[in-house]
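Reader: I should like a close look at a single part of this structure, namely the place where the two chains meet. Please describe it in one connected account.

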Protein chains: 2
Amino acid sequence: MVRIIGIDPGLRRCGWGVIESEGNRLRYVACGAIRPPVEQPLALRLAALFTGISALIEQYAPDEAAVEETFVSPGVRTALHLGQARGIALATPAIRGLPVGEYAANLIKKSVVGTGHAEKAQVQAMVRALLPTASFESHDAADALAIAICHAHHRNHALMVARA
Amino acid sequence: MVRIIGIDPGLRRCGWGVIESEGNRLRYVACGAIRPPVEQPLALRLAALFTGISALIEQYAPDEAAVEETFVSPGVRTALHLGQARGIALATPAIRGLPVGEYAANLIKKSVVGTGHAEKAQVQAMVRALLPTASFESHDAADALAIAICHAHHRNHALMVARA
């Protein structure tokens, strides 16, 4: 049995979801979204993201982490902003000694829905089907659970990062 | 007297420089570059950056930190990569409770050389003139010292971030 935290990085809302995987079985543990204070300077928002993810790792004691690999972003400025949040999402579990898997958005959708071009609503519906006890209000949390599910399917493959 | 760490974020080479500022006087303390292991996965490279910056804060006990605000980057992919390193450079001092100033590249050059369009060689020459005891081999370390000097000049202004 492996416990996985999936993280959907964002500076306004950072989705997270924890699942357990044993063989072909998946079990929902928890999910939600971290909301760094938008009125604060960037450094403090990023620090809040670090503190939030650290607290989740403390609370749920996942064995491994998974983060979405790239963003479809419209411009350099957006990529820079998303990159900053993503840097924290990747580094925080690694600092805590967790192996971190990175997965492309298409692979995450394919793992959950069966096609790499699924809509958000399809991803949410499949996450609900795969994790019947999951309770989420936002698509950020559903996306984070999808990332964790993708990692459960692919963690032994090449995309899996060597143990820290 | 205030002790300042300037950080020039980068995933291959992250320049850093520590100075002291008292009134109009500047004093060089130390500088160098962190080189996260390039052969490692991204999460571990970012974690190494966090660990490296944390160790510098521990060793040199700066009161405040300063980071360059934006990058002139040729594309979305580069911006995403730089953003990840920059997220760590901004968050690590904030996590340690240091106020973090962010300064645009043009303002840094203007503070050190007198013009916002200075070449790297001019910045290095002026850093040597302003900090005669400074010893640096790389432009990353010189850039980091320039960022710290800019912060010394502007720390009481609007760009200064509120104390954590």
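Author: The following account treats the interface between the two chains, beginning with how the copies are related.

The model is a predicted one. A turn of 180° with a shift of 0.0 Å along the axis lays chain B on chain A with an RMSD of 0.0 Å. The two copies are therefore related as by a two-fold rotation axis. Both copies use the same surface, for 100% of the contact residues of chain B recur in chain A. Each side has its count: 30 residues from chain B and 30 residues from chain A take part in the contact.

As for extent, about 2300 Å² is buried between chain B and chain A, and carbon and sulfur atoms give 82% of that area. On the side of chain B, the residues that lose the most area to chain A are B:Ala43, B:Val76 and B:Leu80, which together make up 21% of what that side buries.

Polar interactions may be considered next. The rule finds zero salt bridges across the interface of chain B and chain A, whereas four residue pairs, both members at pLDDT 80 or more, are in polar contact there.

Three elements of chain B give two or more residues to the side that touches chain A: helix H1 (42–60), helix H2 (76–95) and strand E5 (100–103). Of these, H2(B) gives the most, with 14 residues. By class, the side of chain B that touches chain A comprises 21 nonpolar, six polar and three charged residues.

Definitions and conventions. Residues are numbered from 1 along each chain as its sequence is written. Chains are lettered from A and ligands numbered from 1 in the order in which they are written. This is a predicted model: local features need pLDDT of at least 70, side-chain atom pairs count only at pLDDT 80 or more; totals for chains, interfaces and linings use all residues. Side-chain values use heavy atoms; hydrogens and water are left out. Copies are superposed by least squares on the C-alpha atoms of residues with pLDDT of at least 70 in both. Contact means heavy atoms within 4.5 Å. Buried area is the accessible area (1.4 Å probe) that two parts lose on being put together, summed over both. A salt bridge is a side-chain nitrogen of Lys or Arg within 4 Å of a carboxyl oxygen of Asp or Glu. A polar contact is a pair of N or O atoms within 3.5 Å; within protein, one must be able to donate a hydrogen and the other to accept it, and residues adjacent in sequence count only if both atoms are side-chain atoms. Helices (H or I, at least four residues) and strands (E, at least two) are DSSP runs, numbered from the N terminus. Ala, Val, Leu, Ile, Met, Phe, Trp, Tyr, Cys and Pro count as nonpolar, Asp, Glu, Lys and Arg as charged, and the others, Gly among them, as polar.
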